[in-house]
Amino acid sequence: MFGAGGGTSSYTEIEETDVIVLWGSNARDAHPIFFHHLMKGLDNGARMYSVDPRRTSSAKFSDVWLGINVGSDIALANAIGREIIDAGLDNRGFIAHSTVGFEDYAASVESYTLEFAAEATGVPIGAIRELAHAYATAEKAQILWTLGITEHHNGVDNVFSLCNLALLTGHVGRWGSGLVPLRGQNNVQGGGDMGALPNKLPGFADMADPADRARFEAVYGMELNPVPGKHLTLMFEAMEQGSMRGVYIIGENPADSEADIGRIRRLLSGLDILVVQDIFLTRTAEMADVVFPASVAWAESDGTVTSSERRVQRVRAALTPPGQARDDIEILGEMARRLGVDWGDPTHEELWDELRSLSPAHAGMSWDRLEAEGGLQWPCPSDDHPGSPFLHGWLWEDDLGGREPAPFTVVAHEGPKEQLSEEFPLRLTTGRALDSYNTGVQSGGYDSPIRYGDTIDVNAADAERLDLADGERVRVSSARGSVEMSVRVHPDLPEGLTFTTFHFPDLVDTNLLTSDAWDRRSGTAEFKAASIRIDKLVAAGGAE
């Protein structure tokens, strides 16, 4: 955001902030380590507002829960922005000095009255007004979000709507105030930093920029293709069109994790060749023509990981990979040799030093410094630089550090692509449980006394209307498919909303139900908003 591909703040900052806005995130279950930092902030007197369709375990720690209708985030954010402006609480000095586009933004939110927002979001007017005033008047405030914001067909616009609020109030670029996207998996931040994006090179260099490419071509000794690649959703479209016939998948299980999973499995099974490199024989690996067993990066390999606070830390091999499993670098190096390019046998430190020579944000992070200091936060451009606990301090410099002002972005409320209907009258949203991880490959091999997630959670009033009992087996259907599940009547859901996880695809193939709508800029599917119905199962004799 604002030119940097990472969150603005350090974990410690939330312990010292005054107002916490947790938006579309059940951090207590999905990011429990970070949530301990958040709880220290609450203990230190911070006031927390939770914006979430469900009254999650995180929301129960908040001072105010804003139970928003799924997909109405922009309506709420724009109404908050309008209320801040209307009450004269916007930071006009910061806006004039550090931003552009305020007039267009202010005009765009004029129609988002508190009354309109209450109707669109289901959140009471008083709660919207209280959040707007508390956020704007706080000395320090943070907005935090996860997949509840991004897993929508307009996820990028959702993020922009939150960034607008930070620009409106000056809650960015200084200690204790910021915008904090909590990453969904270990080292997601590091993967992006290292160039695992279709249009970026390591260090977020732009593939389409000739000057950026030239730096890499000089080190790599070859000309690079200037055409950006495809993100995951476009890859599946290319498979469907027949223009992509071979796929090499590393550390991903799309045969379980993608939306509209029946279509995904059909496309993967129709490839000419599918190669999978992973630490487990996932469902995707079972479909592959070739499987490369890889080492477990955090336990069996040397290297680095990068957290959501942009902190790069060393990892060291504690175990030897079993059987024929090999380090990812060894596998890729051998693949290169078979394809006619010999990279030699570089050490992990040598590869890291190459990265440092190409990424200014990492230039000052020597192997020895990472070892001695226990990690550094990028950007760290030189050997004597201490690292950067927070980003965008330039917004407060007299000359903006020579940069362009940060832009407001006009965004409009749309709601979910898939509307409720007479055939599919219930809204399904998905999320994570505390003791499980993604598609369950890494967490499904052990038991847990707190495990749940293979049920369909239903409001008591909906259960009564549908004549459903707690624990009853039912058929859950969307326009894409049906699965059988057990009902869990749950007090923390509003009427009309249902919830399940995606951790147990062998028991419940949840992603047969999820929506295939996706964000055209990020490529992320709308996992958070499918339309479904729940039917009682009919016994063999025809009786219910």
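Which residue forms a salt bridge with D256, the closest N and O atoms being 2.5 Å apart? The partner is R283.

This is a predicted model, so local features need pLDDT of at least 70 and side-chain atom pairs count only at pLDDT 80 or more, while totals for chains, interfaces and linings use all residues. Residues are numbered from 1 along each chain as its sequence is written, and side-chain values use heavy atoms, with hydrogens and water left out.

**Salt bridges**

A salt bridge here is a side-chain nitrogen of Lys or Arg within 4 Å of a carboxyl oxygen of Asp or Glu. The whole structure holds 34 of them. Three are tabulated.

| Acid | Base | N to O distance |
|---|---|---|
| D256 | R283 | 2.5 Å |
| D256 | R265 | 3.0 Å |
| D342 | R337 | 3.4 Å |

D256 and R283 link distant parts of the chain: D256 sits in helix α13 (residues 254–257), R283 in helix α15 (residues 283–286), 27 residues apart. Helices are DSSP runs of H or I, at least four residues, and strands are runs of E, at least two, both numbered from the N terminus.

Burial follows relative accessible area: buried is under 20%, exposed over 50%, partly exposed in between (1.4 Å probe, protein chains only). D256 counts as buried because its relative accessibility is 7%. R265 is buried too. R283 is partly exposed, at 24%.

The D342 pair reads otherwise. D342 is exposed, with a relative accessible area of 58%. R337 is partly exposed, at 30%. Salt bridges that share partners join E334, R337, R338, D342 and D345 into one network.

**Strand β17**

Strand β17 covers residues 455–458. T455 and D457 point one way, I456 and V458 the other, and all are buried. In a regular strand the side chains alternate between the two faces of the sheet.

Strands pair if DSSP finds at least two bridges between them. β17 pairs with strand β19 (residues 482–489) in the parallel sense, over 4 bridges. There, V458 stands opposite V489. With strand β20 (residues 497–501), β17 runs antiparallel, joined by 2 bridges. D457 faces F499 across that pairing.

**A nonpolar patch**

Y248, I250, L332, V341 and W343 make a nonpolar surface patch of about 460 Å². Patch members have over 30% relative accessible area and no salt bridge; nonpolar side chains (Val, Leu, Ile, Met, Phe, Trp, Tyr) are joined within 5 Å, like charges within 9 Å. Areas come from the Shrake-Rupley method with a 1.4 Å probe. Y248 lies in strand β9 (residues 246–250). Y248 counts as partly exposed because its relative accessibility is 31%.
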